[in-house]
Amino acid sequence: MRRKAMLATATAVVCGTGTIAVATPAEAAAWRNVGTKALAYNGSLDRVDFADKGAGWAVGAQGSMFNPTTMIVRWNGRAWVRQASPVGFVPTDVAAAGAKRAWIVGFSLRDRTVGLYWNGTRWSKVSYPLVGMPFQVSASRDGTAYSLAGIDSSAGGLSSVLRWNGKAWIKANVPLPPSSSVTAVEVRGRNDVWLAGTTTDGIKVTAFVQRWNGRSWKRTNVPGPMGTPAYRGVIHRMVVLSPTNVYLDRVSQNAQMPNALLRWNGKTWKTVNTPWNAAGLAMSSDGRSGVVLIPVTNGDRSRYLHYNGSAWRTLYGPVRKNGKVQGGDLDHRPGTRGIVGVGVSSAQGKNSPFIEYFG
């Protein structure tokens with residue numbers, strides 16, 4: 001469940017992609033590194049999710065994909081602490097419903113699909129069907145959880161929608177359009193589940209959103225170009241702030257179209273191109289009516305693009321002296337004004353995972 005904090009103001013400039021803001025020194029100083037012994041390893045930190053201000057998890061791995069060590073760090077309301085995994089695998093996403101319920105999905109060469117469940121005391125391995133590589137999981141505070149798995153789903157390959165039945169992951173009965181690929185999921189509650197992806201008629205590709213209202217699934221097609229079956233764009237992430245404020249992160253990949261946000265106001269869709277045609281690697285709410293993206297970073301600090309509903313601005317994480325930075329994910333701590341970002345910096349063959357905080 002993705003919830004992000006409010007961001008500070010910035011100094012605006014105008015360029016060809018619209019209004020963009022450059023972070024001021026005060027904003028740059030607002031980000032700080034979170035020092036913790038839980039990250040004293042050579043490896044990655046790729047995903048983070050908070051259920052409330054006292055319960056959040058971040059996940060990554062170290063070692064090779066042939067023999068990975070799963071890295072799980074938990075925010076317990078006071079500090080980040082390392083937790084043990086019952087099996088070694090590469091996590092691809094994490095979702096939390098509260099201090100006593102959380103899920104991690106991923107893969108390993110030995111087990112192929114892997115699911116973990118946190119019951120408030122320990123992590124245990126749970127059944128996850130072999131229906132492709134798990135790549136997303138989302139959960140709400142009432143314990144409803146959905147996950148996505150696929151085979152090259154970002155290129156239009158097969159995808160599967162799964163739901164948590166209280167003990168294991170099972171395939172969800174979703175009436176998807178023919179030749180479709182689901183690539184984003186957002187769970188707001190038992191009777192409020194959103195999916196997004198693409199479908200094709202063999203000539204053109206169309207984006208769609210599908211919502212469960214507790215009784216049935218309703219599909220809405222998203223206007224605008226998504227490329228062709230051979231050169232298609234993908235809906236990488238989705239943020240649902242309300243039924244009348246929904247954002248999709250459209251990544252062009254090899255398609256001839258710009259990277260953009262697609263915003264639904266309950267009646268119509270609006271396309272908002274990203275600054276510098278940046279592709280969003282991760283996206284979340286800003287705690288108000290906008291969203292925050294993590295684009296590809298090429299430097300010594302993380303970069304965040306904030307769209308407040310009408311204009312863009314750019315914010316940066318703290319400077320890191322130990323190599324090139326790659327941002328991974330970010331999330332808001334509910335009940336606070338803070339954003340937590342995770343990623344890794346690399347230098348001389350060593351990967352140093354980090355957690356940084358804004359607010």
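## Notes on the strands, cores and salt bridges

1. Let's start with Arg 188, which counts as partly exposed because its relative accessibility is 26%. Please keep in mind as you read that this is a predicted model. Arg 188 forms a salt bridge with Asp 192, and the closest N and O atoms of the two are 3.0 Å apart. Is Asp 192 buried or exposed? Asp 192 counts as buried, because its relative accessibility is 11% and the cut-off for buried is under 20%.

2. Asp 192 also has a second salt bridge to look at. The side chains of Asp 192 and Arg 211 meet at 3.0 Å, N to O. Asp 192 belongs to strand 17 and Arg 211 to strand 18, so this salt bridge ties together parts that are 19 residues apart in sequence. Arg 211 is partly exposed, with 26% relative accessibility. As general background, side chains of opposite charge can pair when their charged atoms come close.

3. How many salt bridges are there in the model? The count comes to 9. Arg 110, Asp 111 and Lys 125 are joined into one network by salt bridges that share partners. Another salt bridge runs between Asp 52 and Arg 141, with 3.3 Å between the closest N and O atoms. This pair links distant parts of the chain: Asp 52 sits in strand 4, while Arg 141 is in the loop between strand 12 and strand 13, 89 residues apart. Asp 52 is partly exposed at 23% relative accessibility, and Arg 141 is partly exposed too, at 48%.

4. The loop that holds Arg 141 leads us to its two flanking strands. Strand 12 (133-139) is largely enclosed by the rest of the structure, because 6 of its 7 residues are buried. It pairs with strand 13 (residues 145-150) in the antiparallel sense, over 6 bridges. Try finding one of these pairings yourself: which residue of strand 13 is the bridge partner of Ala 139? The partner is Ala 145. The hairpin has 5 residues between the strands, and among them Gly 143 takes a positive phi near 95°.

5. Just before strand 12 comes a loop from strand 11 (123-126), and Leu 130 lies in it. Leu 130 counts as exposed because its relative accessibility is 54%, and exposed means over 50%. Beyond its neighbours within four places in sequence, Leu 130 is in contact with Arg 112 and Thr 113. Its C-alpha is 31 Å from that of Pro 295, a residue 165 places away in sequence.

6. Compare a second loop residue, Ser 44, found between strand 3 (31-33) and strand 4 (47-52). Ser 44 is buried, because its relative accessible area is 17%. Its side chain makes a polar contact of 2.9 Å with the side chain of Asp 46. Setting aside neighbours within four places in sequence, Ser 44 also touches Gly 60, Ala 61 and Pro 353.

7. Now for the nonpolar cores. In soluble globular proteins, nonpolar side chains tend to be buried together. The largest core here has 18 residues, and those touching the most other members are Ala 196, Val 209, Val 222, Ile 235, Met 238, Leu 248 and Trp 269. Strands 17, 18, 20, 21 and 22 each give two or more residues to this core. A separate core of 16 residues includes Val 34, Ala 58, Trp 75 and Val 340. Back in the largest core, Leu 248 is worth clicking on: its contacts beyond four places in sequence include Ala 196, Val 209, Met 238, Trp 269 and Met 283.

8. Finally, look at two open sheets. One has 4 strands in the order 20-21-22-23, with antiparallel pairing. Its edge strands are strand 20 and strand 23, and its twist averages 20° from one strand to the next. Strands 20 and 21 are joined by 7 bridges; in one of them, Ser 242 has Asn 245 of strand 21 as its partner. The other sheet runs 24-25-26-27, is antiparallel and has 4 strands. Strand 24 and strand 27 each have a single partner strand, so one side of each is left without a neighbour in the sheet. The twist there averages 25° from one strand to the next. Strand 25 and strand 26 pair over 3 bridges, and Val 291 is partnered by Tyr 307 of strand 26.

Notes
Residues are numbered from 1 along each chain as its sequence is written. This is a predicted model: local features need pLDDT of at least 70, side-chain atom pairs count only at pLDDT 80 or more; totals for chains, interfaces and linings use all residues. Side-chain values use heavy atoms; hydrogens and water are left out. A nonpolar core is a set of buried Ala, Val, Leu, Ile, Met, Phe, Trp, Tyr and Cys residues joined through side-chain atoms within 4.5 Å. Buried means under 20% relative accessible area, exposed over 50%, partly exposed in between (1.4 Å probe, protein chains only). Contact means heavy atoms within 4.5 Å. A polar contact is a pair of N or O atoms within 3.5 Å; within protein, one must be able to donate a hydrogen and the other to accept it, and residues adjacent in sequence count only if both atoms are side-chain atoms. Two strands pair if DSSP finds at least two bridges between them. Axes are lines fitted to C-alpha atoms, for helices over the stretch in contact, and angles run from 0 to 180 degrees between N-to-C directions. A salt bridge is a side-chain nitrogen of Lys or Arg within 4 Å of a carboxyl oxygen of Asp or Glu.
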